[in-house]
Amino acid sequence: MVKKVTENVYLIEHEEAANNVIIIGKKGVVLIDTSLFPEKAKSIAKFVRDFTMKNISLVFNTHYHPDHTFGNVAFDVPILAHELTRRKMEQFDASYFESLGIEYTEPKLPDVLFQDLFEYEDGLKILFIHGPGHTPDSSYVYIPSESVLITGDSVINDIHPEIVSDSNLNVWLKTLDSMPQAKYVIPGHGDYGSHDSVKKMRDYIDKIRRLIKGELSPYELESDPNFVERKHAEMLEWGIKNLMAE
């Protein structure tokens with residue numbers, strides 16, 4: 001489903017799968033994340049051409065997870081990401097694909113790398129900002145003129161977030177606190193919202209942190225709308241197990 005966020009920003013939402021976002025510039029289109037499947041990525045590229053009459057000129061990976069990067073192979077354009085994203089993706093091998101139940105395809109690695117901040121301009125200024133926590137390489141996108149924040153999986157709406165083995169809750173909270181306050185917030189999964197989405201994510205991560213430290217009872221989460229109204233409760237249990245295994 002394609003949703004108009006602003007005149008220049010559109011969300012391609014795939015139910016609960018990773019979102020894709022297109023930013024329409026003066027000369028070309030920037031695509032945020034490329035999905036898990038190359039065929040889906042090809043269909044996105046065709047849609048962008050048909051819809052905007054412009055080609056994708058830049059791809060950005062918010063982090064290394066396969067549902068955000070495996071579609072890179074469909075694009076013959078510069079791929080921007082944090083330097084740690086490329087480093088993580090260099091570790092992908094046939095066994096990793098097999099563990100996901102996917103046929104092995106040589107990953108296409110990002111070839112334009114940054115550390116803290118990357119600025120891009122094509123009729124509007126786009127800021128790509130390193131914001132670790134969900135993963136060490138996680139980054140987000142801010143478009144000041146559109147008041148749009150594209151968070152990757154640092155913010156998730158509607159479903160429980162994926163807390164993985166290399167998530168760092170304290171760093172994640174700092175990233176959420178440092179995000180600019182935007183009118184529109186597009187998460188890594190789920191429908192777009194407002195700055196309230198960032199606030200809810202912060203509350204969620206902080207309560208998980210307190211739960212792990214023994215400062216909060218699990219029963220308190222059972223009556224918290226920010227937890228009980230999210231889908232896929234099994235992700236919450238899985239995330240806590242990942243944190244406890246550290």
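Let's start with two strands, β4 and β5. Strand β4 covers residues 29-32, and it pairs with β5 in the parallel sense over 4 bridges. Keep in mind that this is a predicted model. How does the chain get from β4 to β5? It crosses through helix α1, residues 38-52, and this β-α-β crossover is right-handed. Within the pairing, look at I32. Its bridge partner in β5 is F60.

Now stay on β5. This strand runs over residues 56-60, and 4 of its 5 residues are buried, so the rest of the structure largely encloses it. β5 also pairs with strand β6, residues 79-82. Here too the sense is parallel, over 2 bridges. V59 has I79 as its bridge partner in β6.

Next, a residue that touches I32. That is N19. N19 sits in the loop between β2, residues 9-12, and β3, residues 20-24. Is N19 buried or exposed? Its relative accessibility is 3%, so N19 counts as buried. The side chain of N19 reaches the backbone oxygen of P187 at 2.9 Å. Leave out residues up to four places away in sequence, and N19 touches a list that includes L11, I12, H14 and D33. Also among them are P187, G188, H189 and G190.

On to the aromatic rings. How many aromatic pairs does the structure hold? There are 12. Take Y10 and F51. This pair is edge-to-face, with 5.0 Å centre to centre and 80° between the planes. Y10 belongs to strand β2 and F51 to helix α1, so the pair links distant parts of the chain, 41 residues apart. The two partners sit in different surroundings by accessibility. Y10 is buried, at a relative accessible area of 11%. F51 counts as partly exposed, because its relative accessibility is 40%.

Now the second pair, F70 and F97. Why is this one called stacked? The ring centres are 4.5 Å apart and the planes are at 0°, so the pair is stacked. F70 lies in the loop between α2, residues 66-69, and β6. F97 lies in helix α4, residues 94-99. So this pair ties together parts that are 27 residues apart in sequence. Both F70 and F97 are buried. These two rings also belong to a cluster. Ring pairs link F70, F92, Y96, F97 and Y104.

Let's turn to the nonpolar cores. In soluble globular proteins, nonpolar side chains tend to be buried together. The largest core here has 27 residues. Which of them touch the most other members? L149, L176, Y204, I205 and I208 do. Several elements each supply at least two residues of this core: β9 (125-130), β10 (139-143), α5 (169-178), α6 (195-212) and α9 (233-244). The largest share comes from α6, with 6 residues.

Y204 deserves a closer look. Set aside its neighbours within four places in sequence. Y204 is then in contact with H160, P161, I163, N226, F227, R230 and L236. Apart from that core lies another one, of 20 residues. Among its members are V5, I32, L58 and F114. So I32 comes up again, because we met it in the bridge to F60.

Now T6. It is found in the loop between β1, residues 2-4, and β2. At 9% relative accessibility, T6 counts as buried. Beyond residues up to four places away in sequence, T6 touches E146, V148 and Y184. For a sense of scale, take T6 and D76. They are 70 residues apart along the chain, and their C-alpha atoms are separated by 27 Å.

Last stop, the antiparallel strands. Strand β8 covers residues 117-121, and 5 bridges join it to β9. The two run antiparallel. E121 stands opposite K125 in β9. What joins them? β8 and β9 form a hairpin, with 3 residues between them. In the turn, G123 has a positive phi of about 85°.

β9 has another partner as well. 4 bridges join β9 to β10, and these strands also run antiparallel. F128 stands opposite V141 in β10. Both β9 and β10 also supply residues to the largest core.

Terms used. Residues numbered from 1 in each chain as written. Heavy atoms only, no water. Buried < 20%, exposed > 50% of the residue type's maximum accessible area, 1.4 Å probe, protein only. Polar contact = N/O pair within 3.5 Å; in protein donor to acceptor, adjacent residues only side chain to side chain. Contact = heavy atoms within 4.5 Å. Pairing = 2+ DSSP bridges. Right-handed = clockwise from strand over helix to strand, strands pointing away. Phe/Tyr/Trp six-rings, centres within 6.5 Å; stacked < 30°, edge-to-face > 60°. Core = buried A, V, L, I, M, F, W, Y, C linked by side-chain atoms within 4.5 Å.
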